[in-house]
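Here is an informal walk through one protein model, going from single residues to sheets and cores and back again. Keep the viewer open as you read.

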Amino acid sequence: MRTTPRSRRTRGIRRALTGALLAGLTLLTTASPAVADDPSASASPAGDEAGPTEAGTTFRTATPLKQGQSGIAQASAGDYLYWVFPADAGQRPTVRATVKLPGSAARRGTSTWQVDVYDGLRRRQACMYGHQTRKAAADAATVELSCVLRPVRSWSEPWANDPLPGSYYIRLTVVDLPAADLGLPVGVQVRTSFKEVGGSHDGDGTLSEPLVPGVSVASASETNETGETGDGGSSAAPRTVAAGEPEDGWTSGWWTDRWLWTVGGGVLAALAAVFGYSLTRGRGRPSHVPPGV
């Protein structure tokens, strides 16, 4: 069978489109999991400064922690200890706590310790997995606790209990302890870490403000300082919030890898349309048929 320049050109176009389509599919199916599973993709900064050396005893007095920062405290068995840290959309926070127990000679029996995490609205957040509650034997030197939260979403329905950007409170306490062991000294260390999960858990909206206690009042004070609204004038208090914010600021879902998937899907759809057209349009008028026939 004799091949014409037109047929060779058509086969070349088909091979090029097929290669581009397969390359695009490979990129979309392999790039995102690689980012999600890469341990180096963690958003936890390695804090150079020393962490706090005390813990709060209520939500209002919770000790602030920066992202990825550790905190230590000396307390008594039976105390409620609180810390607070910021978490942003697209992050999956992990909280770890280590309790150093007094010597076994001073203890009378086993104890059970528990770590809980609450969001900025003080709603208790469930752990995806981890050791949220653990029992320490009478001769144990330490007890390790952990809680891996669900990924933080940029927005959710008002009735939902999804994690949202804002402050997150850590509460550590003993939930079962012999009465004779109450008040014994313990040492505590808490650590926070974060993993970027991308846009697969994002919603279709954003919060006007992160769930940080006092952020609305602080924003109103800033507005009054500029003189745009309100009558507070320049005497308004400066913006202060309990948990601060991530080092890069609050993103609240402005950019996610969903944009890449959207653009990539559009490119693949266009390539598929051109490829389908090249398959179905036929070979045109045969060379032996004169024009106009």
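Gly90 sits in the loop that runs between strand 3 (81-87) and strand 4 (91-100). Keep in mind throughout that this is a predicted model. Is Gly90 buried or exposed? Gly90 is buried: its relative accessible area is 8%, and the cut-off for buried is under 20%. Leaving aside residues up to four places away in sequence, Gly90 touches Val152, Lys195, Glu196, Val197 and Gly198. Leu164 is 74 residues away from Gly90 along the chain, yet their C-alpha atoms are separated by 9.6 Å.

**The overall layout**

Zooming out, the protein has 3 helices and 10 strands. Read from the N terminus, the elements go α-β-β-β-β-β-β-β-β-β-β-α-α. The protein counts 293 residues, and buried ones make up 38% of them. Take the contacts between residues at least 6 apart in sequence: 73% of these join residues at least 24 apart. As for the outside, the accessible surface comes to about 16,600 Å², with 56% of it belonging to carbon and sulfur atoms.

**Two sheets**

One open sheet is made of 5 strands in the order 1-3-9-5-7, and its pairing is mixed. Strand 1 (63-64) and strand 7 (133-136) are the edge strands here, each pairing on one side only. Inside this sheet, strand 5 and strand 9 pair in the antiparallel sense over 7 bridges. If you want a register mark for that pair, Gln114 has Thr173 in strand 9 as its bridge partner.

An open sheet with the order 2-10-4-8-6 also has 5 strands, and its pairing is antiparallel. Its edge strands are strand 2 and strand 6 (127-129), and each of them pairs on one side only. On average, neighbouring strands in this sheet are turned by 30° against each other, direction ignored.

Strand 10 is a handy one to follow. Strand 4 is joined to strand 10 by 10 bridges, and the two run antiparallel; Arg96 stands opposite Arg191 of strand 10. Strand 2 is also joined to strand 10, by 7 bridges and again antiparallel, with Val188 in strand 10 as the bridge partner of Ala73. Strand 2 itself shows two faces: Gly71, Ala73 and Ala75 are on the covered one, while Ser70, Ile72, Gln74 and Ser76 are on the uncovered one.

Here are the three pairings side by side:

| Strand pair | Bridges | Sense |
|---|---|---|
| strand 5 and strand 9 | 7 bridges | antiparallel |
| strand 4 and strand 10 | 10 bridges | antiparallel |
| strand 2 and strand 10 | 7 bridges | antiparallel |

**What fills the inside**

Which residues have the most contacts inside the largest nonpolar core? They are Trp83, Phe85, Trp113, Leu172 and Val186, in a core of 30 residues. Strand 2 (70-76), strand 3, strand 4, strand 5 (111-118), strand 8 (142-149), strand 9 (166-176) and strand 10 (185-196) each supply at least two residues of this core. Another core, of 6 residues, lies apart from it and includes Phe59, Ala62, Val84 and Tyr169.

Leu172 is worth a click. Not counting residues up to four places away in sequence, Leu172 touches Asp79, Tyr80, Leu81, Trp83, Ala97, Val99, Gln114, Val115, Leu145 and Val188. Two of those names have come up already: Gln114 as the bridge partner of Thr173, and Val188 as the bridge partner of Ala73.

**The disulfide**

How many disulfides does a search of the whole structure find? It finds 1. Cys127 and Cys147 form it, with their sulfur atoms 1.9 Å apart. The link joins distant parts of the chain, Cys127 in strand 6 and Cys147 in strand 8, 20 residues apart. The torsion about the S-S bond of Cys127 and Cys147 is about -100°, so this disulfide is left-handed. Cys147 is buried, its relative accessible area being 0%.

**A loop on the outside**

To finish, look at Ser208, which is in the loop between strand 10 and helix 2 (215-226). Ser208 counts as exposed because its relative accessibility is 73% and the cut-off for exposed is over 50%. Trp155 and Ser208 lie 53 residues apart in sequence, with 9.8 Å between their C-alpha atoms.

Conventions. Residues numbered from 1 in each chain as written. Predicted model: local features only at pLDDT ≥ 70, side-chain atom pairs only at ≥ 80, totals over all residues. Heavy atoms only, no water. Helix = DSSP H or I, 4+ residues; strand = E, 2+ residues; numbered from the N terminus. Buried < 20%, exposed > 50% of the residue type's maximum accessible area, 1.4 Å probe, protein only. Contact = heavy atoms within 4.5 Å. Core = buried A, V, L, I, M, F, W, Y, C linked by side-chain atoms within 4.5 Å. Pairing = 2+ DSSP bridges. Areas by Shrake-Rupley, 256 points an atom, 1.4 Å probe, with all protein chains shown as cover. Axes fitted to C-alpha atoms, helices over the stretch in contact; angles between N-to-C directions. Disulfide = S-S within 2.5 Å.
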